[in-house]
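Subject: the structure I promised you

Hi,

Here is the structure I said I would send over. Have a look at it first, then read on for my notes.

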Amino acid sequence: MTEHLLKILIVGDGNVGKSSFVHRYVSGQFNKTYKMTVGVDFSVKLLHWSETEKVRLQLWDIAGQERFISMNRIYYKGAVGCVVMFDVTNSSSFLSCRHWKQDLDNKAMLPSGDSIPCILLANKCDLAQRVVSADSIKEFSKANGFKTWMETSVKENKNIGEAMRRLVQEILSV
Ligand code: GDP
């Protein structure tokens with residue numbers, strides 16, 4: 001049995017749903033008041049990937065940034081994949097994704113020098129007051145080097161496991 005240990009970053013503006021996403025994915029729950037304990041660096045999820053492979057995911061959620069700031073290189077060290085998340089009801093959180101991706105491309109590289117696989121997640125798609133269209137996300141993801149983007153709702157448990165499987169697939173095929 002092979003075990004892959006994958007460090008994955010979860011980035012995006014404050015309040016887009018990052019810690020809820022990690023909590024949902026790891027524990028299967030959605031609590032409105034949940035906030036990751038201060039001082040916890042990462043959460044762990046073990047996947048039985050195939051007959052011969054296990055995947056241990058280390059999910060690193062940046063703690064509550066109100067807006068984009070350039071992250072410390074230490075945080076990026078050893079990361080092999082990333083989730084960039086925004087909130088479809090908040091256009092500035094969408095605009096910030098360009099900065100998050102640029103910061104990643106500058107600081108988180110694979111040993112080959114290539115940028116690490118990133119998936120773009122358009123969260124809170126359960127809400128009616130959506131302001132970011134699917135067309136603009138599609139265009140943006142193409143222009144900014146995302147192979148995959150998905151609409152998610154952490155609240156309704158939509159596409160959470162699917163998104164992580166896609167990302168792990170991309171990481172393992174690099
Ligand atoms: P973070 O600052 O990016 O970690 O965001 P949080 O995980 O703290 O979530 C911010 C707020 O958005 C909380 O009140 C969550 O309950 C809420 N939230 C997260 N995901 C969703 C979602 O998919 N739909 C809706 N309607 N609310 C969500």
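Below are my notes on the sheet, the helices that pack on it, one loop residue and the ligand.

One thing to keep in mind while you browse: this is a predicted model.

Let's start with the sheet. It is an open one, built from six strands with mixed pairing, and the order across it is β2-β3-β1-β4-β5-β6. The two edge positions are taken by β2 (43–48) and β6 (148–151); each has a single partner strand, so one side of each has no neighbour in the sheet. Going from one strand to the next, the twist averages 25 degrees.

Now walk across from the β2 side. β2 and strand β3 (residues 53–61) run antiparallel and are joined by six bridges. The link between these two strands is a hairpin of four residues. If you want landmarks here, S43 sits opposite L59 of β3, and L46 has R56 of β3 as its bridge partner. On its way to the middle of the order, β3 also pairs with β1, this time in the parallel sense and over nine bridges. A pair to look for there is H4, which stands opposite V55 in β3.

At the other end, strand β5 (residues 118–123) and β6 pair parallel to each other, over four bridges. I119 finds its bridge partner in T148 of β6.

Two helices are worth clicking on next. Helix α3 (residues 91–107) packs on the sheet and touches β1 (2–11), β4 (81–87) and β5, with its direction at about 165 degrees to that of β4. Helix α4 (residues 134–143) packs on the sheet as well, touching β4, β5 and β6; the angle between its direction and that of β6 is about 160 degrees.

Just past β6 there is a loop residue I liked. N159 lies in the loop between β6 and α5 (160–172). A polar atom of the N159 side chain is 2.7 Å from the backbone oxygen of E151. Leaving aside residues up to four places away in sequence, N159 touches M150, E151 and T152.

Then the ligand. Which residues come nearest to the ligand? Out of the 18 around it, they are N15, K18, S20, D126 and V154. Sorted by class, the shell holds four nonpolar, seven polar and seven charged residues. Helix α1 (residues 18–27) gives the largest share of that shell, three residues.

Some polar atoms sit close enough to list with distances. A side-chain N or O atom of N123 is 3.2 Å from a nitrogen atom of the ligand. K124 also uses its side chain, with an N or O atom 3.0 Å from an oxygen atom of the ligand. K155 does it through the backbone: one of its backbone N or O atoms lies 3.2 Å from a ligand oxygen atom. How much of the ligand does the protein bury? Taken alone, the ligand exposes 580 Å², and the protein buries 87% of that.

That's what I have for now. Shout if anything is unclear.

Cheers

How values were computed:
Residues are numbered from 1 along each chain as its sequence is written. This is a predicted model: local features need pLDDT of at least 70, side-chain atom pairs count only at pLDDT 80 or more; totals for chains, interfaces and linings use all residues. Side-chain values use heavy atoms; hydrogens and water are left out. A residue is near a molecule or strand if one of its heavy atoms lies within 4 Å of it. A polar contact is a pair of N or O atoms within 3.5 Å; within protein, one must be able to donate a hydrogen and the other to accept it, and residues adjacent in sequence count only if both atoms are side-chain atoms. Accessible areas come from the Shrake-Rupley method with a 1.4 Å probe; for residues, only the protein chains shown count as cover. Ala, Val, Leu, Ile, Met, Phe, Trp, Tyr, Cys and Pro count as nonpolar, Asp, Glu, Lys and Arg as charged, and the others, Gly among them, as polar. Two strands pair if DSSP finds at least two bridges between them. Axes are lines fitted to C-alpha atoms, for helices over the stretch in contact, and angles run from 0 to 180 degrees between N-to-C directions. Contact means heavy atoms within 4.5 Å.
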